[in-house]
Number of protein chains: 2
Amino acid sequence: MNQDYIKPDNWSIIEEGFDAERVKSSESLFSIGNGAMGQRANFEETYTGETFQGSYIAGVYYPDKTKVGWWKNGYPEYFAKVLNAPNWIGIDIEINGENLDLNTCKSVSKFRRELNMKEGIYYRSFEAILQNGTEILVNITRFLSLDLDEVGVINYEITPLNSDAKIVFKPYIDAGVTNEDANWEEKFWEIQDLQHNDNEAFVTARTFKTHFVATTFMHNIVSNASESVANLGKDKAQLSYEINAKKDEKTTIQKMGGYTVSLNHTDTIAAAKAVIAKAIQIGYKQLLENQKIAWAKIWEMSDITIDGDVKAQQGIRFNIFQLNQTYLGKDSRLNIGPKGFTGEKYGGSTYWDTEAYCIPFYMATKDQKVARNLLTYRYNQLDKAIENAEKNLGFKNGAALYPMVTMNGEECHNEWEITHEEIHRNGAIAFAIYNYYRFTGDYSYIPEKGLEVLIGIARFWHQRASFSTHKNQYMILGVTGPNEYENNVNNNFYTNYIAKWCIDYAAEQITKVSLEYPSDHKRIIEKVKLSDAELQAWRKVADNMYFPYSEELGIYLQQDGFLDKDLVQVKDLDKSQRPINQKWSWDRVLRSPYIKQADTLQGFYFFEDHFTTEQLEKHFDFYEPFTVHESSLSPCVHSIQAAKLDKMDMAYTFYLRTSRLDLDDYNKEVEEGCHITSMAGTWMSIVEGFGGMRVKNDALHFSPKIPKEWQAYSFKINFRNQILKVTITQNDTQLSLEGTTDITVFVNEKPVLVKS
Amino acid sequence: MNQDYIKPDNWSIIEEGFDAERVKSSESLFSIGNGAMGQRANFEETYTGETFQGSYIAGVYYPDKTKVGWWKNGYPEYFAKVLNAPNWIGIDIEINGENLDLNTCKSVSKFRRELNMKEGIYYRSFEAILQNGTEILVNITRFLSLDLDEVGVINYEITPLNSDAKIVFKPYIDAGVTNEDANWEEKFWEIQDLQHNDNEAFVTARTFKTHFVATTFMHNIVSNASESVANLGKDKAQLSYEINAKKDEKTTIQKMGGYTVSLNHTDTIAAAKAVIAKAIQIGYKQLLENQKIAWAKIWEMSDITIDGDVKAQQGIRFNIFQLNQTYLGKDSRLNIGPKGFTGEKYGGSTYWDTEAYCIPFYMATKDQKVARNLLTYRYNQLDKAIENAEKNLGFKNGAALYPMVTMNGEECHNEWEITHEEIHRNGAIAFAIYNYYRFTGDYSYIPEKGLEVLIGIARFWHQRASFSTHKNQYMILGVTGPNEYENNVNNNFYTNYIAKWCIDYAAEQITKVSLEYPSDHKRIIEKVKLSDAELQAWRKVADNMYFPYSEELGIYLQQDGFLDKDLVQVKDLDKSQRPINQKWSWDRVLRSPYIKQADTLQGFYFFEDHFTTEQLEKHFDFYEPFTVHESSLSPCVHSIQAAKLDKMDMAYTFYLRTSRLDLDDYNKEVEEGCHITSMAGTWMSIVEGFGGMRVKNDALHFSPKIPKEWQAYSFKINFRNQILKVTITQNDTQLSLEGTTDITVFVNEKPVLVKS
């Protein structure tokens, strides 16, 4: 059922043979990015077949006016959209007067794509016979420079195979782009300036409303071009180079292009000229070399090796590669979009995915500043979160509700069952602060910034809970838990549990900061005007929180009404009904017992040490059989828990599903883009799942397991500025350290000293 | 807080004084209709101030492409919109070269509107001083003929008051109209033909997609016109008449206009010419006379008199008048839209309002064929209801889910919590069949048509219920009850109760038809393929239906989670928070205990005889204090129940609220149109509430009560072709009969013989 055209390979994603039906899928899978920009693997030359054009600039978005059927109070005015940016990769190519277009050629053969993840370089080649009979060989190399992250490079080579040929390269910049995902078919960009010289063009455009200015530029180097003609359209700048190419002789255009943006420059045109100059100075060859070096550095720290299972190896590398293409942690204004630079779906860039799934990966494979930047992103948006709770839910007194989806701190989502009810997201943001301190040992973040966030969140939960006289406890009514296949339920266990935890943790940190950082404490308490009476009121809610529980089954209930459902397990569901979110009406999904992704089990994942392994097993055995895993975020958590429970076959199956979700297109939607944030979950399922890594009392713990399909696997952890390498084979666990201080880690609860 | 500019009057709606702020409200309140067409009280002359232009043709709609933020499976492709039809009332008027426009005149005085409900005629008059200094008096009479229901008439008189004046009348037809309520700013009409002669014009336009063809026509009679000039635009036909009017001398244009539609004619232009000829033959004076006679006939049967309370009198007559303007029961293709011909909101025409609120009014004040036509409307749409259940919910075997909103049997609504979950509507459709037979004694409808509907509905409930092993009963999970302020709740008492009742009633009728109409029984059972095994399966669900109940309180719970809410009564809610649907975010509304309209109490209303008065009181006393009555359908049911419980002050307050909802604009939205369907509830609150009318065992029962504010009130009931007049005073109840057979009615349970 799933696609399997991607060739297994340890380091590359490879497609062989041209299939028009696969073009959009491959455009997603072969996407490239460098943290600052990214693009789908669209063809440079004209392509009149089905394609989804996409090129994106980090941090540049458009507030697309909200589209709903029936307006509800509190809906945001707009949905911030990842914005399709002007196209700089395009090169129209005429060969003996015919436009090269794989959709109209007489034949295409030896078509091959390779995304070399080790090097961060995308290669494409093919042979084609045109309608006019000309036969050509084409070889293309493309990459977005990690070093010079405003620049991308294309090396496009054509060799006529059966005769001499007149080749015209017409590289262009096209700012007349639209979004696939737009509510009102509005234009998002307005042109401010077009200019060119013989080999260069600069198109400066400004987004409507948000007024981001981007200069899209190109610089072309063409061998033996006999003339260069320019053509300036309304929103397109095109140059033209004519070459009389000899049979069997390679003709090349090198196109450098990219964006300079008002986020980083006051004069984007001048900046574009400067960065081109720099790129030319470095030169194509050296840029290519630097690219390999830069990626080698990333892999040096973040690679996971798997021996004896090439599909598993390819999967994990694809995940790690995509995460690094999307976000490198240099800029605290940026975050990790669910589709990264591979598509537009889900619009806004930041979801709770960042805190719940991505931070552990970035903490362990990068400098801890990167994770701190991700926390700071939320700190910087605290005011907006307070405004959001006030404006949309009528909350007071500094209660903060972080948005479900955001680009700039403002809520972008507009389904009431998500926007207003999927409030557990607030919990993950607090949890990430705890998790950051647990992992890095860097407490300074809490008195400096984190405590204010924790207070805003605790205030939210305090106000959001309501008292039931009937039950004599506090309820959280009308929520959507992580399982979005239930809406507007009462007392979602996960939500209630994390709400109580947030209050407890905030209260603890207030005390700790008051003792250890008295001046920060004074500053914060004055700023947020927190009284003892309010703290007491928080306590009352946290201490009397209700959790739905079945005495009969000995399990916490996902929500009050869960046992009233018709409890038919997934295995007994006809396959023709799957995926239920595509086959069933929404009400049917909602009243079914089927779970989209870990919900109660997400709580057991975050708060593992609050429960016994027996409890975990009981809950896992109850809930997993109802779980359809139709969220990309589902298999990883289940893989981790299955590994812990020694259900290694399940753990392995879940691992493959999370790691090859896009490569094998489990959910039949990869053409819309890749699932970037869940890729961090894939990393977790190896490191925390099979490796059993935990941090307890400032020490790393491992409970290593290995799937029977593997000979060995290894990963590295940057733990408090020491790099620990862990290699696990079928027989043993090897630990080695790149660092200056010996550390003691625990393997299966036994201390092991690792020498530096 | 409410508006109070409408002058109290027994028979008329009167506005005095021109206030631009009130124009849109008055356009709704002074709307006129004749069952076949209707229009808002827009000015004939140019008006550049704020206005909401609306003219509507019964049965002519447009399938406006669905607009949602996030598509869910099962959403309908379109929302059928009541369609703003070409404007035929317009008359641009030039006076001494200046365009008459109340928005730009130097002054407007003696502005007066009167909607004479007794006659069905709308009058407007004013004096104005134009910028050029000309002073004029204007008198306009307008009505839509009940006799010739394709024709409306305007008599527009101008008298120059301070000098002679050159007056140019420029009557027009404008098909370049749009809907206020449109999703995509698309045009709904395309012009097919424009033609004119000296005094007439015909604009034929066709709706896109639905291909309704309407010829909009006008015929003008102008006294002393010196010339007639025509001007044909793209979608506008305008004639022009110039008159040199003398000071103090009246100049008149009579404009007849209207629509002939492809629903009724194959050649709409020929039909328009024929109907004009007929109207001219009858003549303006006689048309006016006939209008008064026709309305007198309607009032003869449906009037309710109230002595001693002019506001109450005006209120009830406004309600009865609007109902008769909207629907006269001649055509089983038509139904009763929630805004009638007074606005566009709520789009589609048919809601469960028809069965739950309107049928009793039409049954008692018209020939019983009218109610039968309303039932037949649903019978004719049974196939679509089966398709709806199949396509949208995946149901099988002839289960029928009637749409929430429809024009043609197809669902038009697209919020999952309504479309897919507010399924109780199916119950009201079955209840109406029961109610029709109970009231009219005409059983023939059931074997002929009704039984098939009942079976389709019973099948729906059977399939929709699910078994809870945990509770060992059948549940109906994930519904929205009549209280739309709770969504996706489990076991809404009203829904579960009516579901069980539907199955019980369908099973009973199958038995009865098998005994009394064996050939119909055979035909139907063969057609729907109903087996005994299936009937057994229905029984199992009906007999084991779960109803949420609190032993502690002795009440049925509105839904499983109701008691978990923070139960603060409406009286303790700050007034600044009202109406909550305008002040609160949707999640806050949902988790609050506040009830939009009778929900559990709606069940007690329908199935009154299943419960004791003590039970009713207990439930009323529990639920009413949480009810915000933010639906127009709420006060009437509460008024009826309060009257029954001898809470006459409450009953009276609710009565005023329902009867003057629009006149006094309780909900601050009358400018969008009037609440037509709830007006039938107003009728019920007098007849069933104060009058205590019920039908039991084929006899009328009354338990008369009278508000202390009233001296007397009276109404008539067409009971099985005998007209019973009931007059209730503070001292007694008088009954009289227009009919041929004596009947026995029960007054306070005592039999009374009423002689013919």
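In this predicted model, the contact between the two chains draws on 50 residues from chain A and 50 residues from chain B. Together the chains bury about 4,000 Å², with 52% of that area on carbon and sulfur atoms. Three residues stand out on the side of chain A: A:Trp70, A:Asp564 and A:Arg591 supply 18% of the area that chain A buries against chain B, more than any other three residues.

Turning to specific interactions, 2 salt bridges are counted between chain A and chain B. In one salt bridge, the side chain of A:Lys471 meets that of B:Asp564, with 2.7 Å from N to O. The interface also holds 9 residue pairs in polar contact. Several elements of chain A give two or more residues to the side that touches chain B: helices H7 (382-393), H8 (416-419), H14 (580-583) and H15 (586-591), along with strand E20 (466-468). The largest share comes from H15(A), with 5 residues. Sorted by class, this side of chain A has 16 nonpolar, 18 polar and 16 charged residues.

How, then, are the two chains arranged? A turn of 180 degrees, with a shift of 0.0 Å along the axis, lays chain A on chain B with an RMSD of 0.0 Å. This is the relation of a two-fold axis. Within chain A, the C-alpha nearest that axis belongs to A:Val68, at 2.2 Å. The contact fits into this picture as well: 100% of the interface residues of chain A are also interface residues in chain B, so the copies meet through the same surface.

Notes:
Residues numbered from 1 in each chain as written. Chains lettered and ligands numbered in written order. Predicted model: local features only at pLDDT ≥ 70, side-chain atom pairs only at ≥ 80, totals over all residues. Heavy atoms only, no water. Contact = heavy atoms within 4.5 Å. Buried area = accessible area lost by both parts, 1.4 Å probe. Salt bridge = Lys/Arg side-chain N within 4 Å of Asp/Glu carboxyl O. Polar contact = N/O pair within 3.5 Å; in protein donor to acceptor, adjacent residues only side chain to side chain. Helix = DSSP H or I, 4+ residues; strand = E, 2+ residues; numbered from the N terminus. Nonpolar A, V, L, I, M, F, W, Y, C, P; charged D, E, K, R; others polar. Least-squares fit on C-alpha atoms with pLDDT ≥ 70 in both.
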